[in-house]
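Okay, thanks for making time, everyone. I'll bring the model up on the screen, and then we'll walk through a few spots together.

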Amino acid sequence: MNYTSTRDQSVVASAAQAIAQGISQEGGLFVPQSFPQYSYTDLVEMQHLPYTARAQRILADFLSGFSQDEIAQSVQAAYTAEKFGGENPAPLSLLQSGDRNMYLLELWHGPTAAFKDMALQLLPQMLTRAMQKEHPGKTAVILVATSGDTGKAALKGFENVEGTQIAVFYPQNGVSQMQKRQMCTQEGENVGVFAIEGNFDDAQAGVKRIFTDAGCIQLLQEHNMLFSSANSINWGRLLPQIVYYFSAYCDLMATGEMDYEGEKINIVVPTGNFGNILAAYYAVKMGLPVNRLICASNSNNVLTDFIRTGIYDRNRPFYTTISPSMDILVSSNLERLLYDMTGGDDKQVAAWMAQLAQTGRYEVGDAVKHKIQDLFFSGYCDDEQTQREIRALYKTENYLCDPHTAVAVNVYGQYIEQTGDTATPTVVASTASPYKFPASVLQAVTGEEAVGDEFEILDHLASVSAVPVPQPIAQLRNKPVRFQTVCRSDEMQQAVLKMLHIR
Ligand SMILES: *Cc1c(COP(=O)(O)O)cnc(C)c1O
């Protein structure tokens, strides 16, 4: 299987090229030229396999040029029981309050307590192998813009991985104290962490500028280095995420929840960069039986409006919310959906993306809009509703959830209200541990403002809830802070070159 670009169909890249390069030369995103199809028989077969075997099977369909052994070793190294707290790294938790039939797909049992680990424990495995195939002997310089969780998960995944250097940029005032602590205490000889003045979109734009700066690319070349990306624009980030939607369905079959062949589920995803929900879309494209994909946003509801109106407009206030990993106004991966929904119209996609860059806005026609609406439902909620949802789940189900998951649960409630659909079994992507956001979660649960530093708040939340604190978060307390640099977005390039010792 080969890959092409959303903005230029004459581009042809191998899986290894797509993963090593991260983004296509002309700025488009790599997409598979075709998708494998999974039948009911395939699902029945996979139902009896452990997660790693399900992953191997799906990955193999997309990673032409990688041997079965390479794929097996990568998957085995990524999803160890030690790192993910059990054999299934993505278990389901049934919550049956009221008339809901809701399963939380807990994607946060990995080393940094957010769903990003599901991809970022695997990506370094795939990327280093891809580099060996495409650019033997070269160092991959991985640049990451983060709204909080990708940064830590990428740092952890690439920590001391030979042949890689990684620089992470996060918005100075746009992440939780705990997220900041996680990143700034990161160990490893090949890592750099920088706060930037600005929001996530500024960080993302800055990284894209460095990626495409001819002088900078040249300079790296002279030092036998090459830029790559660990953001969800990299195909290697999306691919591992397709697996857990299939896996969730297989687990539902195994528990007897699915009553007949082809029975559909809903999938609810709290969305920022449109990566996680795009992976769900690709699963649907591959044959996973799905009724609706429910796109949940916080007050930065640019996607809610887009799905409802067909107009993408980032010219609006930016809100800093208690679900910071979704504080995004430019959802990069939407580009891949548009490519698909237009039947692969690269010229049209390129034109929309140019409009977005120039005016901050574009409008898709009715045909594309209706096609999207046939599958996607969208909704959003604000911080107050998010906190109420956390509190309600805690009081009624004794389940402590993080603010991003709470946004998803709230929007699922809106979906039920508007459609009356309580019958379809529904999988809600639970994207982070509540202990990544202890202040907001504690406030939601107790109704009082959380006081003290992040660790006092952590202890308080743990004593109130009796839910155990994930080890990697508990251990942060004793780690020294290694990174404190703050830079302007126009200083990012310099910061990278300095870190690489080539300026
Ligand atoms: C990254 C993140 C999201 C948003 O995921 P996208 O793939 O960017 O849409 C939601 N919740 C949490 C906890 C995250 O870290």
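Let's begin inside: which residues line the second largest cavity? They are A145, Q204, V207, K208, F211, N231 and I233. Before I go on, please keep in mind that this is a predicted model. That second largest cavity holds about 50 Å³ of space. By class, its lining has four nonpolar, two polar and one charged residues. Helix α10 gives the most to this lining, with four residues.

So how many cavities of 30 Å³ or more are there? The count comes to two. The largest cavity has about 280 Å³ of space in it. Its lining is made of 27 residues, and F115, K116, G272, N273 and S325 are the ones that lie nearest its centre. If you're looking for the elements around it, α8 (149-158), α12 (235-254), β10 and α13 (275-285) each supply at least two lining residues. The largest share comes from α13, with three residues. Sorted by class, the lining of the largest cavity has ten nonpolar, 14 polar and three charged residues.

Now for the largest pocket, with a volume of about 590 Å³. Which residues lie nearest its centre? Those are R7, K208, V330, L356 and A357, out of 27 that line the pocket. You've met K208 already, in the lining of the second largest cavity. Three helices, α10 (200-212), α15 (334-341) and α16 (346-359), each supply at least two residues of the pocket lining. Here again α10 gives the most, this time with seven residues. The pocket lining divides into 13 nonpolar, eight polar and six charged residues.

On to the sheets. There's an open sheet of three strands, in the order β2-β1-β3, with antiparallel pairing. Its edge strands are β2 (8-13) and β3 (30-32), each pairing on one side only. The twist from one strand to the next averages 40°. Strand β1 (residues 3-5) is joined to β3 by three bridges, and if you zoom in you'll find T4 standing opposite V31 in β3. Helix α15, which we just saw at the pocket, lies across β1, β2 and β3, and runs at about 45° to β3.

Then there's an open sheet of six strands, ordered β4-β5-β15-β10-β11-β14, and here the pairing is mixed. Why is one side of β4 and of β14 left without a neighbour in the sheet? Well, β4 (92-95) and β14 (376-380) stand at the edges and each has a single partner strand, so one side of each has no neighbour there. In this sheet the twist averages 25° from one strand to the next. Strand β11 (residues 290-297) runs parallel to β14, with five bridges between them; C295 has S378 in β14 as its bridge partner. Helix α14 (residues 302-309) packs on the sheet and touches β11 and β14, and its direction makes about 140° with that of β14.

Another helix on those strands is α19, which lies across β5 (102-106), β10 (265-270), β11, β14 and β15 (426-430), at about 125° to β11. And α19 (residues 403-419) has a helix partner too: α18 (residues 383-397) packs with it at about 90°, with the axes 8 Å apart. The two are therefore roughly perpendicular. In that contact, Q385, T386, E389, I390 and L393 of α18 meet P403, A406, V407, V409 and N410 of α19. By class, that's six nonpolar, three polar and one charged residues.

Conventions:
Residues numbered from 1 in each chain as written. Predicted model: local features only at pLDDT ≥ 70, side-chain atom pairs only at ≥ 80, totals over all residues. Heavy atoms only, no water. Axes fitted to C-alpha atoms, helices over the stretch in contact; angles between N-to-C directions. Parallel < 35°, antiparallel > 145°, perpendicular 65-115°, else oblique. Contact = heavy atoms within 4.5 Å. Nonpolar A, V, L, I, M, F, W, Y, C, P; charged D, E, K, R; others polar. 1 Å grid on protein atoms, 1.4 Å probe; cavity = no way out; pocket = protein on both sides within 12 Å on 5 of 7 lines; lining within 4 Å. Points joined across faces, edges and corners; volume = space filled by probe spheres on them. Pairing = 2+ DSSP bridges.
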